[in-house]
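Let's look at a protein chain together, one question at a time. Take a moment with the picture first.

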Amino acid sequence: QVQLMESGGGLVQAGGSLRLSCAASGTIFTINAMGWYRQAPGKQRELVAAITSGSSTSYADFVKGRFTISRDNVKNTVYLQMNSLSPEDTYVYSCNANVVPKWNTRISVDYWGQGTQVTVSS
């Protein structure tokens, strides 16, 4: 199986910064893309930022200019640098990885982390 281990969430004041990390491990042949999503209770999960193996990035409009996604392909790790944080950024953030597994290299599988809480105070 594949595990996604998230870290870096916490409590910060408005205007502060956090860096989220997500490391993938397990029976991985390659990772096509990794990303961060957010979800509030009773709401649909939505994309925050994503990055492909070729380092193409996409961002939600509400984080453009404030957040930066990057990855280390050797470590199978994705990072989300979160700057100029606002209380409106208070969510559980979940890591996603689209993985080609070693046990079947003709498919890809989406894996999700357990989520890490980001809370921004006024």
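Q: Is Arg-38 buried or exposed?
A: This is a predicted model, and every value here is computed from it. The relative accessibility of Arg-38 is 9%. Because buried means under 20% relative accessible area, Arg-38 counts as buried.

Q: Which side chain meets Arg-38 in a salt bridge?
A: Side chains of opposite charge can pair when their charged atoms come close. Here the N to O distance is 2.6 Å. The partner counts as partly exposed, at 29% relative accessibility. The side chain that meets Arg-38 is that of Glu-46.

Q: How many residues apart are Asp-89 and Arg-66, the pair that links distant parts of the chain?
A: These two form a salt bridge, with their closest N and O atoms 2.7 Å apart. Asp-89 is buried, with a relative accessible area of 2%. Asp-89 sits in the loop between β8 and β9, and Arg-66 in the loop between β6 and β7, so along the chain they are apart by 23 residues.

Q: Are Lys-64 and Asp-61 buried or exposed?
A: Their side chains meet in a salt bridge, at 3.2 Å from N to O. As for accessibility, Lys-64 and Asp-61 are both exposed.

Q: Which element gives the most to the largest nonpolar core?
A: In soluble globular proteins, nonpolar side chains tend to be buried together. The largest nonpolar core here has 30 residues, and Leu-80 is among those with the most contacts inside it. Several strands give two or more residues to this core, including β1, β3 and β4. With 5 residues, the element that gives the most is β9.

Definitions and conventions: Residues are numbered from 1 along each chain as its sequence is written. This is a predicted model: local features need pLDDT of at least 70, side-chain atom pairs count only at pLDDT 80 or more; totals for chains, interfaces and linings use all residues. Side-chain values use heavy atoms; hydrogens and water are left out. A nonpolar core is a set of buried Ala, Val, Leu, Ile, Met, Phe, Trp, Tyr and Cys residues joined through side-chain atoms within 4.5 Å. Buried means under 20% relative accessible area, exposed over 50%, partly exposed in between (1.4 Å probe, protein chains only). Helices (H or I, at least four residues) and strands (E, at least two) are DSSP runs, numbered from the N terminus. A salt bridge is a side-chain nitrogen of Lys or Arg within 4 Å of a carboxyl oxygen of Asp or Glu.
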